[in-house]
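Got a few minutes to go through a model together? Have a look at it, then we'll trade questions.

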Amino acid sequence: MPEGHSVHRLARQFQDVFGGRRLEVSSPQGRFTAGAELLSGNVMVESVAHGKQLFLRFDHDLFLHVHLGLYGAWSFGGDSSFSGASSIGAPRRIGERETASSGAEGESGAGVDYAGPPAPVGAVRARLVSDNGWADLRGATTCAAVTSHEAEAVLGRLGPDPLRNRPGDRDEFIRRLRRRKTAVAMLLMDQSVLAGVGNIYRAEVLFRQAVDPWTPGNKIDAATAGRLWDDAVLAMSDGVRDGRIVTTPPALWSGNGTSAPDADAHFVYKREGQPCRACGTLVGMAEIGARKLYWCPGCQL
């Protein structure tokens, strides 16, 4: 499932290529036909991400609400003015790094005569088309046309998002975390406590702040909870900038040191059985809440 930084990058992408444009919306697959008819022919005025939820607001005050889930992904294409990633989402298929567009069928068309979107390939749940480009959605858990009240109801169930980091969000996260007896490792992935953090950021932030993953939330002091929030803001902001999750410093990167090879990108995530980069203890792995947790038994006492 894409983590929050990917959804925020998607929101920027939609704002850049579709903001202020009138869109034709369809459902080649047929499962979103009624919703597409409610949105089609209207102007997309705003694209907003909160955690892993994406909302595209149209000028008649309806929204396209999308949650990619495990398998959802967007693909984009268009003329030379329509730029951006060619695919974002579904990390099980394409990884946490988006595929860069380079100008070909199915990608942004730099140097290619644009004659409209290609015929849909596969089960395209929703297709958005402007005068210079298109976006196709496949495999999403949620794809719905919703009212402003329905969108607010979804947002009301979510915790604060480190990438929005609005006034009061830090204090609200601390409050939500410290009122629960659940292990902090589970709380960081509870979207009602903290919106947008997934398995990678969970493991890496807990490691970077030397927090025992099994500590109950109500045993975390306010200062430590604040550090977890601040580090989530920093790490996820880097992910928005880079288009991938890298939580290690350049000093730990092999090669030329200008970018992190995948093997060097994380401190503990998917490094079970390997020496901790900080203390040499073998990185552990266990299941918690039906998800794999990675941690260092030496550093995270």
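Here are some questions and answers on the fold, one helix and a pair of cysteines.

This is a predicted model, where local features need pLDDT of at least 70, side-chain atom pairs count only at pLDDT 80 or more, and totals for chains, interfaces and linings use all residues. Residues are numbered from 1 along each chain as its sequence is written, and side-chain values use heavy atoms, with hydrogens and water left out.

Reader: What radius of gyration does the protein chain have, set against a compact globule?

Author: The radius is taken over C-alpha atoms, and the globule rule is 2.2 Å times the number of residues to the power 0.38. For 301 residues that rule gives a value near 19 Å, and the chain agrees with it, at 20 Å.

Reader: How far apart are the end C-alpha atoms of helix α8?

Author: Helices are DSSP runs of H or I, at least four residues, numbered from the N terminus. The expected span is 1.5 Å times one less than the number of residues. Helix α8 has 21 residues (222-242), so it should span 30 Å, and the end-to-end distance agrees: 30 Å.

Reader: Why is there no bond between the sulfurs of C279 and C296?

Author: A disulfide needs two cysteine sulfur atoms within 2.5 Å. C296 holds the closest cysteine sulfur to that of C279, but the pair is too far apart for a bond, at 3.5 Å.

Reader: Is C296 buried or exposed?

Author: Buried means under 20% relative accessible area, exposed over 50%, and partly exposed in between (1.4 Å probe, protein chains only). C279 is partly exposed at 39%. C296 has a relative accessible area of 0%, so it counts as buried.

Note on methods. Helix = DSSP H or I, 4+ residues; strand = E, 2+ residues; numbered from the N terminus.
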